[in-house]
Amino acid sequence: VQLQASGGGLVQTGGSVRLSCAASGRTFSNYAMGWFRQAPGKEREFVAGIKWDNGYTLYADSVKGRFTISRDNVKNTVYLQMNSLKPDDTAVYYCAADRPSLVLYGTPDYWGQGTQVTVSS
């Protein structure tokens, strides 16, 4: 499984950013994909996940109502639309893939490279 993340950058508080993660290397119909983030000095945390087959989504409480995860089955790509960004959202964001139980509730095995999102106050 190969995951290629893109779309990070510098944005002001209240702004928006969309991250993309292109997946390849296997059939993903029974997988889930997700986004995690790691801020300086903090542990990596789950942000959002989506099941590839039925589109079920799960969000961390800290991003509910502001972030939206979606997928494009044709392009094998998952997106994270981040709105109303806050300085606390500053982190390196990673996409990941694996069985749904690991993406949504555990630690997935497959990771993309991180992409930096910096929210200025």
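Which residue lies over the face of Trp-111, and at what distance from the ring centre? Arg-44 does, at 3.8 Å from the ring centre, where a charge is taken to sit over a ring if NZ of Lys or CZ of Arg is within 6 Å of the ring centre and within 35 degrees of the ring normal. Arg-26 is placed in a similar way with respect to Tyr-31, lying over the face of that ring at 3.9 Å from its centre.

Before going further, the reader should know that this is a predicted model, in which local features need pLDDT of at least 70 and side-chain atom pairs count only at pLDDT 80 or more, while totals for chains, interfaces and linings use all residues. Residues are numbered from 1 along each chain as its sequence is written, and side-chain values use heavy atoms, with hydrogens and water left out.

Trp-111 also takes part in ring pairing, and the structure holds 4 aromatic pairs, defined as rings of Phe, Tyr and Trp (its six-membered ring) whose centres lie within 6.5 Å, with planes under 30 degrees apart counted as stacked, over 60 as edge-to-face and the rest as tilted. In one of these pairs, the ring centres of Phe-36 and Phe-46 are 5.5 Å apart and the planes stand at 80°, so the pair is edge-to-face. This pair links distant parts of the chain, since Phe-36 belongs to strand β4 and Phe-46 to strand β5 (residues 45-51), 10 residues apart; strands here are DSSP runs of E with at least two residues, and helices are runs of H or I with at least four, both numbered from the N terminus. Phe-36 is buried, with a relative accessible area of 6%, and Phe-46 counts as buried at 18%, where buried means under 20% relative accessible area, exposed over 50%, and partly exposed in between (1.4 Å probe, protein chains only). The rings of Phe-36 and Trp-111 have centres 5.0 Å apart and planes at 65°, so this pair is edge-to-face. It again joins distant parts of the chain, with Phe-36 in strand β4 and Trp-111 in strand β10 (residues 110-111), 75 residues apart. Trp-111 is partly exposed, with a relative accessible area of 25%. Ring pairs link Phe-36, Phe-46, Tyr-94 and Trp-111 into a cluster.

Strand β4 (residues 32-38) also holds Arg-37, which counts as buried at 6% relative accessibility. In a regular strand the side chains alternate between the two faces of the sheet. The side chain of Arg-37 makes a polar contact of 2.9 Å with the side chain of Asp-89 and another of 3.5 Å with that of Ser-62; a polar contact is a pair of N or O atoms within 3.5 Å, and within protein one must be able to donate a hydrogen and the other to accept it, with residues adjacent in sequence counting only if both atoms are side-chain atoms.

Asp-89 meets a second arginine, for the side chain of Arg-66 makes a polar contact with the side chain of Asp-89 at 2.7 Å. Arg-66 is found in the loop between β6 (57-59) and β7 (67-72) and is buried, with a relative accessible area of 11%. The side chain of Arg-66 also reaches the backbone oxygen of Ser-84 at 3.0 Å. Leaving aside neighbours within four places in sequence, the residues in contact with Arg-66 (heavy atoms within 4.5 Å) include Gln-81, Met-82 and Leu-85.

Turning to another part of the fold, strand β3 (residues 17-24) runs antiparallel to strand β1 (residues 2-6), to which 5 bridges join it, and β3 also pairs with strand β8 (residues 77-82) in the antiparallel sense over 6 bridges; two strands pair if DSSP finds at least two bridges between them. Ser-20 in β3 stands opposite Ser-6 and also opposite Tyr-79 in β8.

The structure holds 1 disulfide, which is a pair of cysteine sulfur atoms within 2.5 Å. Cys-21 and Cys-95 form this link, with their sulfur atoms 2.2 Å apart, and with 60° about the S-S bond the link is right-handed. The pair connects distant parts of the chain, Cys-21 in strand β3 and Cys-95 in strand β9 (residues 91-98), 74 residues apart. Cys-21 counts as buried at 0% relative accessibility, and Cys-95 counts as buried at 1%.
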